[in-house]
Amino acid sequence: DLAAKERYFTLMQSIGIAQTPVTISMLIDACAKTANAARAEHYFGMLRACGHEPEVVSYTALIEAYSRAKQFDRCFELADRMKSENIKPDQATFVQLMKAAANSGQRGRVTELLNEVVACVDASPSLLAVAISGFARLSDFDLMRSRLADVLQRGVSLPLSAVFSIADAPERINP
């Protein structure tokens, strides 16, 4: 819980223990869970104030905080800032951004994110499977098949359960 983590953080400071990106990111994450975007932003700013550079975990937690607070445009601003700072989004980041796009009704943004995941050469097979099946959830089966072919041509081995899920998606959605 946020209050407990803040007490622990204050105690660490009071006995002279330096704050690390991990401890500060824990606070940002706790703020995210309570949709307290302003407080999360405060702790995010503390990273640099303590001489640390934000990492993907910190950005992802901040994006989640803004998403839960329904400040969706801020999520995408942060994603752009990550990229400008050469911080590569990870699986958790993409999930949070896709949630923000879907919850804000930005179908085009969801498609852009899914395309970005599929185009990512070093994306994990499980993330690729989630991205490809995302096209099915958007009922864009032609694009889903096209992206699946792209991934398979790169020699990526998708989990068998994902392949079956993707293969029967049109029948599940449009019986």
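What is the volume of the largest cavity? I looked this up before anything else and got about 40 Å³.

**Ground rules**

I am working on a predicted model, where local features need pLDDT of at least 70, side-chain atom pairs count only at pLDDT 80 or more, and totals for chains, interfaces and linings use all residues. I number residues from 1 along each chain as its sequence is written, and side-chain values use heavy atoms, with hydrogens and water left out.

**Cavity**

I used a 1 Å grid over the protein atoms alone: a cavity is a set of points where a 1.4 Å probe fits but cannot get out, a pocket is an open set with protein on both sides within 12 Å along at least five of seven lines, and lining residues have an atom within 4 Å of a point. Grid points are joined across faces, edges and corners, and a volume is the space filled by probe spheres set on the points. I counted one cavity of 30 Å³ or more. Its lining consists of Lys 5, Tyr 8, Phe 9, Thr 23, Met 26 and Leu 27. Helix H1 (2-14) and helix H2 (21-33) are the elements that give two or more residues to this lining.

**Whole chain**

I took helices (H or I, at least four residues) and strands (E, at least two) as DSSP runs, numbered from the N terminus. The protein chain has eleven helices and zero strands. I found that its C-alpha trace spans about 60 × 30 × 30 Å along the principal axes. I call a residue buried under 20% relative accessible area, exposed over 50% and partly exposed in between, with a 1.4 Å probe and protein chains only. Buried residues account for 45% of the 175 residues. For contacts I required heavy atoms within 4.5 Å. Of the contacts between residues at least 6 apart in sequence, 57% join residues at least 24 apart.

**Core, Tyr 43 and Cys 31**

I defined a nonpolar core as a set of buried Ala, Val, Leu, Ile, Met, Phe, Trp, Tyr and Cys residues joined through side-chain atoms within 4.5 Å. The largest one has 55 residues, and Ile 28, Tyr 43 and Leu 158 touch the most other members. Not counting residues up to four places away in sequence, Tyr 43 touches Glu 6, Phe 9, Ile 24, Leu 27, Ile 28 and Cys 31. I followed the last of these, Cys 31, into helix H2. Cys 31 is buried, at 0% relative accessibility. Its contacts, leaving aside neighbours within four places in sequence, are Leu 2, Asn 36, Arg 39, Ala 40 and Tyr 43.

**Helix H4**

Cys 31 and Glu 64 are 33 residues apart in sequence, with 9.2 Å between their C-alpha atoms. Glu 64 lies in helix H4 and is buried, at 7% relative accessibility. Beyond four places in sequence, I found Glu 64 in contact with Asp 29, Ala 32, Lys 33 and Gln 96. Ser 67 is also in helix H4, buried with a relative accessible area of 8%. With the same neighbours within four places left aside, Ser 67 is in contact with Phe 72, Cys 75, Gln 96 and Ala 100.

**Helix H5**

Which residues of H5 are buried? I listed Phe 72, Cys 75, Phe 76, Leu 78, Ala 79 and Met 82. Seen down the axis of H5, they fall within an arc of 155 degrees, so they line one face of the helix; the arc is that of the directions from the helix axis to the C-beta atoms. Asp 73 and Ser 84 are exposed on the other side. The buried residues of H5 pack against helix H4 (56-68), helix H6 (91-103) and helix H7 (107-119). After H5 comes Asn 86, with a positive phi near 60 degrees.

**Largest pocket**

I found about 160 Å³ of space in the largest pocket. Its lining is Val 95, Met 98, Lys 99, Ala 102, Val 110, Leu 114, Val 130, Gly 134, Arg 137 and Leu 138. H6, H7 and helix H8 (125-137) are the elements that give two or more residues to the lining. Which element gives the largest share? I noted H6, with four residues.
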